[in-house]
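The following report goes through a single chain, beginning with one residue and widening to the fold as a whole.

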Amino acid sequence: MRIGVDLDNCVADLWRCALPLCNQFFGKEVRLSDITQWEMWECIGVSKEEFMDYHDACLGGAVVIEPVTEAPEALRRLSQEGHEVTIVTARDQNFGEETERWLDEHGLGDIQLMMGQQDKRAAGSWDTFVDDNLDVCLDLSPSVPLVFLFNQPWNQARSLPRGMVRVSSWRGSTTIRVRQAGDWVEDQY
Ligand SMILES: [Mg+2]
């Protein structure tokens, strides 16, 4: 099965790790749960430019980015089981070195990486995809049989279309659900 996985806030726990320094840097007291929209700068109360500068500094090494709990283990397991796992990120190629080093450090150096992918639907043909961006998931949903929306405060929605499932972690059940996605798809369609 071809599994596409977004990197930031699905595998790399970027905002949980970046927020404390962000608060310090901008003199704010924002909690992760306060970031309720994709346009995070609006929740933090800074301009988009200030936010992007900070964001890029984080990707460039200003903060230690921890992996999302059990994400590396889950991706390695899926890959060892023969699934074609690809990390598909909008991160700019300028951060290629840092990104590859981070993946290596977390035992993900053998997983395929696609960077600079603003349009994830155009990036490839997927049987399943995991992303925390609701708009990306909605965009993928008509063509990807099973889309997992990785739960974050900024992607809450009242309802999700058929074929989209919200997951909150990579622990056991999610990994099993991703692994079994092919069977589910056959059941459902
Ligand atoms: Mg993301």
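Asp-56 is partly exposed, with 14 other C-beta atoms within 10 Å; here a residue is buried if 20 or more other C-beta atoms lie within 10 Å of its own, exposed if 12 or fewer, and partly exposed in between, with C-beta atoms placed from the backbone. The structure is a predicted model, in which local features need pLDDT of at least 70 and side-chain atom pairs count only at pLDDT 80 or more, while totals for chains, interfaces and linings use all residues. Residues are numbered from 1 along each chain as its sequence is written.

Asp-56 belongs to helix α3, which covers residues 48-62 (helices are DSSP runs of H or I with at least four residues, strands are runs of E with at least two, and both are numbered from the N terminus). Between the C-alpha atoms of Asp-56 and Asn-94, which are 38 residues apart along the chain, the separation is 9.9 Å.

The domain assignment, whose bounds come from an automatic or database source, divides the chain as follows.

| Domain | Residues in the assignment | Residues given to the contact |
|---|---|---|
| domain 1 | 2-12 + 67-188 | 11 residues |
| domain 2 | 14-62 | 12 residues |

Two residues are in contact if their C-beta atoms, placed from the backbone, lie within 7 Å. The C-alpha centres of domain 1 and domain 2 are 23 Å apart.

The largest nonpolar core has 39 residues, and those with the most contacts inside it are Val-5, Cys-10, Val-11, Leu-75 and Val-147; such a core is a set of buried Ala, Val, Leu, Ile, Met, Phe, Trp, Tyr and Cys residues joined through C-beta atoms within 7 Å. Because domain 1 and domain 2 both give residues to this core, it lies between them. Leaving aside residues up to four places away in sequence, Cys-10 touches Val-5, Val-68, Val-130, Asp-131, Asp-132 and Phe-150.

In helix α4 (residues 71-80), the residues Ala-71, Ala-74, Leu-75 and Leu-78 are buried. They cover an arc of only 95 degrees around the axis, so they sit on the same side of α4, the arc being that of the directions from the helix axis to the C-beta atoms. Just after α4, Gly-82 has a positive phi of about 100 degrees.

Taken as a whole, the chain contains 9 helices and 6 strands, and 32% of its 189 residues count as buried. Of the contacts with a separation of 6 or more, 59% are between residues 24 or more positions apart.
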